Each structure stands twice: as C-alpha cells, then as structure tokens.
Amino acid sequence: MLGEDMAAYDDFAWFYNRYWNEEFHGLAFPILERIWLPRVPANGRILDICCGTGYLAGLLSERGYRVTGVDVSEPMVGYARRNVPAAEFQVGDATRFHAPATFDAAVSTFDSLNHILTVAGLEAAFHQTASVLRRGAPFAFDMLLEEAYQTHWGEAYALVRDDHVLTITDAAYHFRTRMAQCTITMFRLLEGAWQRSGARIEERCYTPDEIETALRRAGFGELACYDAGDLGMGGQLGQGRTFFVAAKL
C-alpha cells in the first residue's frame with residue numbers, strides 16, 4: 001500500500017492478511033510467471049512495491065529470489081516480516097522510499113498503484129522505482145481500468161464469522177473525475193469485547209495513455225500490456241484489470 005491516505009489500511013491489515021492476499025495472488029502469480037519472471041535473473045533482487053502482508057514476497061522467496069518489500073502501512077509490514085522472514089521489508093511510501101539502485105526487477109500488484117490519486121503522484125512512483133533498478137530491469141504491475149470501476153467496483157459485500165465481521169458499502173465511481181470510493185467497516189471480538197474500525201478507500205482510474213506517458217517520463221520503455229481475463233484471471237478480479245510490463249531504459 002502507499003500514500004498517507006493508505007494509513008487507513010493499518011486497521012485492515014489483519015483481514016487483508018487472512019483473506020485477500022492469497023486469493024488474488026493465486027490467480028496473479030501464474031500470470032507473472034508468464035509475462036515477467038522469465039526476464040528476471042535467477043536469484044535476482046526483486047523490489048515488491050506496496051507489498052502488503054508479504055504473500056507475493058513469499059512466493060518469490062520460495063523460488064530463490066532475494067526480495068525487498070516496501071509498504072506504507074506499518075501493521076502490514078509487521079505481518080510481512082512474520083510471514084516471510086527470508087525477505088526484507090521496510091515501511092515507506094511508493095513515491096519516496098529509500099533503497100540502493102541494485103534491483104534486477106520490480107513488481108506491484110493488486111491494483112495498489114490505483115491508490116495514487118494524481119498523475120503527478122503516479123509519475124513520482126514510477127520515477128522512484130526507476131531510480132533503484134538496473135538498466136534493462138523489468139517492472140510489472142497491474143491496474144484497474146474504467147471497465148472495472150463501471151461494473152463491480154466496491155460491490156456490497158459482507159463477511160460474517162463468530163469473532164469478526166467485515167462489510168464493504170457506499171461504493172461510488174465518478175465519471176468526470178475518474179475517482180472511486182468505498183467504505184470498509186470491520187468488527188473483531190477481542191478479549192470479550194467487539195472493536196470497530198473502518199477505512200474509506202479511494203482509487204483513481206487512469207487511462208492507458210496516462211500510464212504509458214508517466215512510465216516514459218520516468219525512464220521506462222518496451223511497454224507491453226496484457227488483459228488479465230485473457231491470461232486466465234476470471235471473474236470480478238480479472239474484469240477491467242490490465243497487467244503492464246516495462247523495462248528500465
């Protein structure tokens with residue numbers, strides 16, 4: 001995750017770690033194995049931007065890659081360190097983290113970059129990523145395009161268990177501003193008492209032209225785009241999602 005607004009995900013870290021990481025990456029990782037990993041050197045150093053609770057970092061570490069994850073949410077990073085002790089993790093914003101320019105590849109998944117709400121911010125994240133990559137290093141990421149926000153974005157959802165509840169409500173997509181919002185409300189039964197927390201999630205829908213321009217201005221080229229559905233990511237997760245792979249020039 002990234003950006004100051006994403007501190008809202010701090011309270012969400014437990015749910016994210018338990019439910020959402022594995023579901024998404026179970027579908028996304030085979031795609032990355034096709035379009036990105038063949039270009040990464042064996043045992044190479046990979047930067048996982050907006051790493052969440054480390055599920056992708058774990059998959060990469062198991063295959064011998066040396067992974068460093070960055071996420072703005074300290075609780076998310078705490079889970080990542082426990083989940084994947086073989087990797088390194090740091091708390092940091094995608095637009096201004098600190099790392100040496102020695103990475104052989106970079107990756108960012110689960111539409112994390114849609115949480116950057118301005119074109120300038122997106123370009124800054126791309127610039128920061130480019131600054132820590134070796135020449136020719138591939139950068140893979142996925143983003144939601146307008147089809148996703150026009151269809152299933154933030155559909156009403158409820159998860160009810162004996163000791164925890166999560167709901168998603170109040171979803172909206174504004175065509176003129178291309179901004180989307182939804183509300184996540186969470187309850188957990190801890191030490192005999194229910195604790196409530198919530199997060200207002202905002203995302204920005206970028207056009208393919210905006211993404212390509214920001215990448216090129218940041219020093220990336222050789223851009224390739226892949227529709228997630230065409231690569232086997234079915235259902236709501238794949239609808240309107242595009243994977244991008246670009247190379248550091």
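User: What is the strand order in the open sheet of seven strands, and what kind of pairing does that sheet have?

Analyst: In this predicted model, the order reads E3-E2-E1-E4-E5-E11-E10, and the pairing is mixed.

User: What makes E3 and E10 the edge strands?

Analyst: Strand E3 (88–91) and strand E10 (220–227) each pair on one side only. Going from one strand to the next, the twist averages 20°.

User: How do you know that E4 and E5 count as paired?

Analyst: Pairing takes at least two bridges, and E4 is joined to strand E5 (residues 138–144) by three. The two strands run parallel. For one concrete spot, look at alanine 106: its bridge partner in E5 is phenylalanine 139.

User: Which helices pack on that sheet, and what would you call their directions?

Analyst: H4 is one of them, touching strand E1 (45–49), E4, E5, E10 and strand E11 (241–248). Its direction makes about 160° with that of E5; angles over 145 degrees count as roughly antiparallel, so that label fits H4 against E5. Helix H6 (residues 208–217) packs there too, touching E5, E10 and E11. H6 makes about 155° with E10, which is also over 145, so roughly antiparallel again.

User: On to the sheet of four strands. What is its order, and which strands are its edges?

Analyst: This open sheet goes E6-E7-E8-E9, with antiparallel pairing. Strand E6 (157–160) and strand E9 (193–204) are the edges, as each pairs on one side only. Here the twist averages 10° from one strand to the next.

User: How do you know that E7 and E8 pair?

Analyst: Against the cut-off of at least two bridges, strand E7 (residues 164–174) and strand E8 (residues 179–190) have nine, in the antiparallel sense. Alanine 172 stands opposite glutamine 181 in E8.

User: What does H1 do at this sheet, and which orientation class does its angle to E7 give?

Analyst: H1 lies across E6, E7 and E8, at about 85° to E7. The range for roughly perpendicular is 65 to 115 degrees, so H1 and E7 fall in that class.

User: And why are H1 and H2 called oblique?

Analyst: Helix H1 (residues 13–35) and helix H2 (residues 55–62) pack at about 45°, with their axes 9 Å apart. That angle is neither under 35, nor over 145, nor within 65 to 115 degrees, so oblique is what remains. The crossing of H1 and H2 is right-handed.

User: Which residues make that contact, and what classes do they belong to?

Analyst: H1 brings Asn21, Glu22, His25, Phe29 and Leu32, while H2 brings Tyr55, Leu56, Leu59 and Leu60. By class, that gives six nonpolar, two polar and one charged.

User: What makes tyrosine 16 and phenylalanine 110 an aromatic pair, and why is the pair called tilted?

Analyst: Their rings are 6.2 Å apart centre to centre, and the limit is within 6.5 Å. The planes are 35° apart: stacked needs under 30 and edge-to-face over 60, so the pair is tilted. Tyrosine 16 sits in H1 and phenylalanine 110 in the loop between strand E4 (105–108) and helix H4 (119–131), so the pair ties together parts 94 residues apart in sequence.

User: Where is leucine 237, and what does it touch?

Analyst: Leucine 237 is in helix H7 (residues 235–238). Leaving aside residues up to four places away in sequence, leucine 237 touches Glu23, Phe24, Leu27 and Phe110.

Technical notes. Residues are numbered from 1 along each chain as its sequence is written. This is a predicted model: local features need pLDDT of at least 70, side-chain atom pairs count only at pLDDT 80 or more; totals for chains, interfaces and linings use all residues. Side-chain values use heavy atoms; hydrogens and water are left out. Axes are lines fitted to C-alpha atoms, for helices over the stretch in contact, and angles run from 0 to 180 degrees between N-to-C directions. A crossing is left-handed if the near helix is turned anticlockwise from the far one by less than a right angle, and right-handed if clockwise. Contact means heavy atoms within 4.5 Å. Ala, Val, Leu, Ile, Met, Phe, Trp, Tyr, Cys and Pro count as nonpolar, Asp, Glu, Lys and Arg as charged, and the others, Gly among them, as polar. Rings of Phe, Tyr and Trp (its six-membered ring) pair if their centres lie within 6.5 Å; planes under 30 degrees apart count as stacked, over 60 as edge-to-face and the rest as tilted.
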